[in-house]
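The exercises below ask you to work from coordinates to a description of packing, one step at a time. Please try each task on the model before reading its solution.

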Amino acid sequence: MFNGQEGYGIFEGSGVEEHYKVKQHPHTTEGANFEVTCDNCGRANVVTLEWQQIADAAGAPQTQRLPVDRVTGLAWQFHGGRMWPQVGCVQCRHLIGPSLTPDEAGRLLREAQLAGLVQTQRR
Ligand SMILES: [Zn+2]
């Protein structure tokens, strides 16, 4: 239901350094996809957050552990109740990772589960 909305809702950017423009793309089996406009150079980047990382973000208040990017091995950053992956702009390397609260991460995960994109494993 957030598809196509720009700048509002889940990524309203309440943090001091967050003026990123974020557009949500349709979810895929790989993860939640976003188009993030770089704050520094204006370049539009497509960022995919894997469902495992989103699940870790949703559970972070309980586990006290931040998600870790599987590709870079870098842990997400956390500030002011929001967390974001250390993803750089393809053009200028400025950090552009879209930030999430644990609630927002949980909501994204539920959307994906309802859409059948994520297998919930209960064993
Ligand atoms: Zn940039």
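**Exercise 1.** Decide whether methionine 83 is buried or exposed in this predicted model, and find which residues it touches.

*Solution.* Begin with the neighbour count: methionine 83 has 23 C-beta neighbours inside 10 Å, and because a residue with 20 or more such neighbours is classed as buried, methionine 83 counts as buried. Next, place the residue in the fold, where methionine 83 belongs to strand β5. Finally, list its contacts, leaving out residues up to four places away in sequence: they are Ala57, Ala60, Leu66, Trp76, Gln77, Phe78, Ser99 and Leu100.

**Exercise 2.** One of those contacts is Ala60; determine how alanine 60 is classed by exposure and how far its C-alpha atom lies from those of methionine 83 and threonine 101.

*Solution.* Alanine 60 is part of helix α1. Its count is 19 other C-beta atoms within 10 Å, so it is partly exposed. Along the chain, methionine 83 and alanine 60 are 23 residues apart, and their C-alpha atoms are separated by 9.6 Å. For threonine 101 the sequence separation from alanine 60 is 41 residues, with a C-alpha to C-alpha distance of 9.7 Å. Beyond four places in sequence, alanine 60 touches Arg65, Leu66, Met83 and Pro102.

**Exercise 3.** Check whether the end-to-end distance of helix α1 agrees with its number of residues, and locate its bend.

*Solution.* Helix α1 covers residues 51-63, which is 13 residues, and at 1.5 Å a residue it should span 18 Å. The C-alpha atoms at its ends are 17 Å apart, which agrees with that expectation. The axis nevertheless bends by about 35° at alanine 57, with proline 61 following within four residues. After the helix comes glutamine 64, whose phi is positive, near 60°.

**Exercise 4.** Describe the open sheet: what is its strand order, and which strands stand at its edges?

*Solution.* The order of the three strands is β1-β2-β3, and their pairing is antiparallel. Strands β1 (21-24) and β3 each have a single partner strand and stand at the edges, so one side of each lacks a neighbour in the sheet. From one strand to the next the twist averages 30°. Helix α1 packs on this sheet, touching β2 and β3, and its direction makes about 70° with that of β3.

Turning to the first pair, β1 and β2 form a hairpin with six residues between them, and four bridges join these antiparallel strands. Glutamine 24 has phenylalanine 34 as its bridge partner in β2, while lysine 23 stands opposite glutamate 35. The side chains of β1 alternate: Val22 and Gln24 point to one face and are buried, whereas Lys21 and Lys23 point to the other and are not.

**Exercise 5.** Identify which residues of α1 are buried, what covers them, and which elements contribute to the largest nonpolar core.

*Solution.* The buried residues of α1 are Trp51, Gln53, Ile54, Asp56, Ala57 and Ala58. Their cover includes β2 (31-37), β3 (44-50), β5 (82-84) and α2 (102-114). The largest nonpolar core has 22 residues, and those with the most contacts inside it are Ile54, Ala57, Ala105, Leu108 and Leu109. Two or more residues of this core come from each of β2, α1, β5 and α2. As a last step, follow alanine 105, which touches Ile54, Ala57, Ala58 and Leu100 when residues up to four places away in sequence are not counted.

Conventions
Residues are numbered from 1 along each chain as its sequence is written. This is a predicted model: local features need pLDDT of at least 70, side-chain atom pairs count only at pLDDT 80 or more; totals for chains, interfaces and linings use all residues. The expected span of a helix is 1.5 Å times one less than its number of residues. The bend at a residue is the angle between axes fitted to the seven residues ending there and the seven starting there. A residue is buried if 20 or more other C-beta atoms lie within 10 Å of its own, exposed if 12 or fewer, and partly exposed in between; C-beta atoms are placed from the backbone. Two residues are in contact if their C-beta atoms, placed from the backbone, lie within 7 Å. Two strands pair if DSSP finds at least two bridges between them. Axes are lines fitted to C-alpha atoms, for helices over the stretch in contact, and angles run from 0 to 180 degrees between N-to-C directions. A nonpolar core is a set of buried Ala, Val, Leu, Ile, Met, Phe, Trp, Tyr and Cys residues joined through C-beta atoms within 7 Å.
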